Amino acid sequence: MSVLLQSHFRASGLNLPFPISAIKKLNSCQSGFAKLHARRMQGLSDPALHLGQMRDWLRRIGYQPSDLDRLNIVHVAGAKGKGSTRAYIDSILNEYRKTLGKPSKVGLFTSPHLVCTRERIRINSEPITEEQFCKYFFQVWDLLERTAREEGLDPAFKPNYFRMLTLLSFHVFIQEGVDMAIYEVGVGGEYDTTNIIERPVAASITALDIDHVPTLALSVRQVDKAEIVLLHRAAEKSAELNWIELHPALETMAIKPAEKFQYNNASLAIALAVEALQRFGISVQRKESQTGSASYADLPAEFVPGLGNMKWRGRCEVIRLEKQHYYLDGAHTQDSFQVACSWFSKLPSNSKHKRVLMFNQQSTRDYIGLLRTVFRLLTNKGIYIAKVIFCTGMTYKNRDYKRDFVNKNANPKALETLELQKELQGEWLRLDPSADVAVLPTIENAIDCVQGLSGEKVSLTCS
């Protein structure tokens with residue numbers, strides 16, 4: 001660690017600003033809708049430049065990419081399934097931490113967050129504390145400003161939101177003595193922010209994506225065209241690429257949800273955990289199948305609770321209250337919606353219960369196409385939706401956000417006029433002219449609406 005960083009920590013002390021100040025400064029790192037829109041229109045984006053900037057920011061807070069090697073990072077890429085895969089790995093490694101004390105501390109860097117920003121940076125499966133978040137955030141923030149002034153740069157120029165959190169996670173994990181960390185990519189691709197990680201323990205591709213590092217890469221089976229690309233890129237980068245098939249041990253294990261995609265994610269997580277554990281002298285017998293795919297026999301006892309007890313909020317999640325049952329999933333692609341609707345259609349239901357669809361989409365994705373997919377899939381399954389609610393991602397009825405959810409990248413005019421929600425309403429009514437469809441400005445309004453249907457009061461806050 002640099003002398004600059006050490007002296008800064010000694011000077012920092014424990015007089016920490018209130019956590020809301022840290023979140024406010026972090027939110028200022030969002031580009032904002034106007035800038036993002038201008039960049040998209042003008043094509044002003046150089047991903048290679050962004051990766052170079054990331055290395056420079058890392059240097060300015062006192063580290064080199066080689067310093068990240070001590071974290072023994074497992075790198076998870078892919079278009080879908082990353083959340084479940086990283087959660088399985090985290091759960092397995094923490095079982096070993098509890099039983100063998102190795103690894104001693106497990107870090108997890110993930111996105112997005114559901115309740116608080118601190119969820120993105122976890123140690124031993126728990127979000128870092130407010131004190132830790134605040135202390136380490138301001139150490140990073142102050143170092144970036146100080147080194148900018150010393151090097152004649154603009155102190156106001158900061159990493160964007162995701163890059164700032166990535167830098168913060170590196171700093172937190174190194175300072176807290178994490179000896180194994182799981183990292184999810186951001187947007188993915190060769191120039192992803194997380195690709196300043198040069199020597200991960202293992203890299204993985206959950207679906208249709210490529211990791212850049214010359215190391216062992218594990219992938220679930222892909223469609224033919226994707227497999228050809230992955231093989232080509234692996235050879236180009238001198239990486240050993242292994243295909244992961246369904247692990248036979250999972251055939252008798254209760255995986256939730258019991259969907260094919262989840263068994264694939266769990267199989268990939270097993271392979272990654274096996275590679276990671278070797279860093280601590282823990283070996284699991286590895287065999288090669290007749291097809292040349294990697295498999296592992298006789299899984300140790302730690303894998304069973306690690307796989308069976310894994311929980312990942314917002315992915316096929318069920319919250320049951322007395323009169324209201326919430327089925328939550330963060331699907332945002334055609335394939336993901338297909339999986340979510342398949343899962344929902346298999347859940348037990350009571351014909352007396354009204355089904356309500358709460359749908360939020362505030363990005364530049366093909367939201368109309370996604371909505372049509374939901375309608376088609378549910379209709380084909382014979383599922384009737386009694387009421388449809390389209391709302392924004394804004395939290396409270398006073399048109400304000402919870403501080404952890406401030407979104408400066410959304411079009412403020414569209415939020416004010418509910419332009420997108422009204423377009424979605426029109427499309428659903430075109431698909432089902434008899435439908436009961438509401439457009440509401442906030443999440444709190446949407447929950448109030450559901451409460452009115454059931455007569456049961458629900459708190460908006462989650463623990």
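Helices and strands here are DSSP runs, numbered from the N terminus, with at least four residues for a helix and at least two for a strand. With that in hand, D329 can be placed: this residue sits in the loop between β12 (325-328) and α11 (334-345). The model is a predicted one, and everything below is read from that prediction.

D329 makes a handy starting point, since UniProt marks R315 and D329 with the feature "binding site", in an unreviewed entry. R315 belongs to another loop, the one between α10 (303-308) and β11 (317-320). The two residues touch in the model: the contacts of R315, leaving out residues up to four places away in sequence, are L328, D329 and G330. Seen from the other side, and with the same kind of neighbours set aside, D329 touches G314, R315, C316 and A340. One of these partners also shows up in a polar contact, as the side chain of D329 reaches the backbone nitrogen of C316 at 2.8 Å. Buried or exposed, or something in between, at 32% relative accessibility? D329 counts as partly exposed, because 32% falls between the 20% and 50% cut-offs. R315 is partly exposed too, with a relative accessible area of 30%.

A second "binding site" annotation, again from an unreviewed UniProt entry, covers S111, E184 and H212. Of these, E184 can be followed in some detail. E184 lies in strand β5, which spans residues 180-184. With a relative accessibility of 7%, E184 counts as buried, since buried means under 20%. What does E184 contact beyond its neighbours within four places in sequence? The list runs V76, K82, R86, F109, T110, S111, F162 and T194, and S111 is itself covered by the annotation. With R86 there is a polar contact, side chain to side chain, at 2.3 Å.

The strand around E184 is well covered too: five of the five residues of β5 are buried. This holds for both faces, with M180, I182 and E184 on one side and A181 and Y183 on the other. β5 also has strand partners. Strand β1 (residues 73-77) runs parallel to β5 and is joined to it by four bridges, with H75 standing opposite Y183. Strand β2 (residues 106-109) is likewise parallel to β5 and joined to it by four bridges, and here L108 stands opposite I182.

Further along the chain, three strands form an open sheet in the order β13-β14-β15, with parallel pairing. The edges are β13 (356-359) and β15 (437-440), each pairing on one side only. From one strand to the next, the twist averages 15 degrees. Between β13 and β14 (residues 387-391) there are four bridges, and F359 stands opposite F390 of β14.

Two helices also meet. The axes of α12 (residues 367-380) and α14 (residues 419-431) come within 10 Å and cross at roughly 35 degrees, and the crossing is right-handed. On the α12 side the contact is made by Y367, I368, L371, R372 and F375. The α14 side supplies L420, E423, L424, E427, W428, R430 and L431.

The loop between β8 (240-244) and α9 (260-277) holds E259. At 10% relative accessibility, E259 counts as buried. Not counting residues up to four places away in sequence, E259 touches S342, W343 and K346. With K346 there is a polar contact between the two side chains, at 3.3 Å. P257 is found in this loop between β8 and α9 as well, and the peptide bond that joins K256 to P257 is cis, with omega about -10 degrees.

Another cis peptide bond runs from K102 to P103, with omega near -10 degrees. P103 lies in the loop between α5 (82-100) and β2.

Some backbone angles deserve a mention as well. In the loop between β3 (121-123) and β4 (126-127) sits N124, a residue other than glycine with a positive phi, near 55 degrees. S125 is in the loop between β3 and β4 too, and its phi is also positive, near 75 degrees. S125 is partly exposed, with a relative accessible area of 25%.

Note on methods. Residues numbered from 1 in each chain as written. Predicted model: local features only at pLDDT ≥ 70, side-chain atom pairs only at ≥ 80, totals over all residues. Heavy atoms only, no water. UniProt positions renumbered as here; feature names shortened; annotations may be inferred. Buried < 20%, exposed > 50% of the residue type's maximum accessible area, 1.4 Å probe, protein only. Contact = heavy atoms within 4.5 Å. Polar contact = N/O pair within 3.5 Å; in protein donor to acceptor, adjacent residues only side chain to side chain. Pairing = 2+ DSSP bridges. Axes fitted to C-alpha atoms, helices over the stretch in contact; angles between N-to-C directions. Left-handed = near helix turned anticlockwise from the far one by under 90°.
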